[in-house]
Amino acid sequence: MELKIAYRMLLFPIQMFYHIVRASLLSLLPSSKKDLSKEVVLITGGGRGIGSHLAKEFAKQGAKKVILWGRTEKCLKKTAEEISLSGSDCCYFVCDVANRDEVYKQAKVVREKVGDVTILVNNAAVVHGKGLMDSDDDALLKTQHINTLGQFWTTKAFLPRMLELQHGHVVCINSILSQSPIPGAIDYCTSKASSLAFMESLTLGLLDCPGVSCTTVLPFHTNTEMFRGMRVRFPQLFPPLKPEVVAQKTVAAVRTNKAFLYLPWTMRVLVILKSFMPQVALEEIHRFSGSYTCMNTFKGRT
């Protein structure tokens, strides 16, 4: 027994090295892309911002049906009409993902009226842009309910059928702030860190579930109305991402079954630096980059 354990311990680093080299080589080869022509895509927060661009991109790349969920019917209707005019099949349902009962109710309506959702994109999010002591308690709760718990309810609503069909994909539009928080957005950073842990756990939990995959997208500051007024100190070095680019990269990651996507890829360097640099050095980086004060001019959605 002890010999067997010793053998496994010796074999383990060799296996790790093999998998690292294999993954590195495979990343250099062109990946086969998933056909979207039979996919029914549901996007939360699909009426505006990144969600709207995701809906248009999935439709552009041939998704069978695109379903929009959100709280503001005006935005949902506008996006759905634009997609329908392009010749793609799109519909919308008013649904607040923070409301568990409403999520389960609307999920049942979707199954009855449209069919089985095979790609779920958890995109809905809010940010209040304040420090802890300046934040209203109800606003803090609202952020957690939408950004974090909303994913629990939507995933529980649609994942069981994906597992039955052995076909499905769960996508989360997260943020690099989940791994590199900033002052002035404590509600958002906390919720996104929880959301990331949720997706990491879910991704590992589905390893033995054939046909069902996960993709987590961690973009840098994206130029949408949600973060209106946020200023980056060196925009030439760290330009805000365009939402249409985030959408294009996300759909590409889904089609190639990529588990985690950092946008831009240089954000991986930030995560690596944070893992070994002393706190004093990290604080100096934050001061130099201006992240300490980037939310001082935050206005958010009108």
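These legends go with a few close-up views of the predicted model. Residue numbers start from 1 along each chain as its sequence is written, and side-chain values use heavy atoms, with hydrogens and water left out. Since this is a predicted model, local features need pLDDT of at least 70 and side-chain atom pairs count only at pLDDT 80 or more, while totals for chains, interfaces and linings use all residues.

**View A. The open sheet.** Here are seven parallel strands in the order 3-2-1-4-5-6-7. Strands are DSSP runs of E, at least two residues, and helices are H or I runs of at least four, both numbered from the N terminus. Strand 3 (90–94) and strand 7 (260–263) sit at the edges with a single partner strand each, so one side of each lacks a neighbour in the sheet.

**View B. Strands 1 and 4.** Strand 1 (residues 40–44) runs parallel to strand 4 (residues 119–122), paired over three bridges; pairing takes at least two bridges found by DSSP. Look for I43, whose bridge partner in strand 4 is V121.

**View C. The cysteines.** What is the number of disulfides in the structure? Zero, with a disulfide being two cysteine sulfur atoms within 2.5 Å. For C91, the nearest cysteine sulfur belongs to C90, 6.3 Å away. C172 can't bond either, because its sulfur is 9.6 Å from the closest cysteine sulfur, in C214. C91 counts as buried at 18% relative accessibility, and C172 does too, at 1%. Buried is under 20% relative accessible area, exposed over 50%, partly exposed in between (1.4 Å probe, protein chains only).
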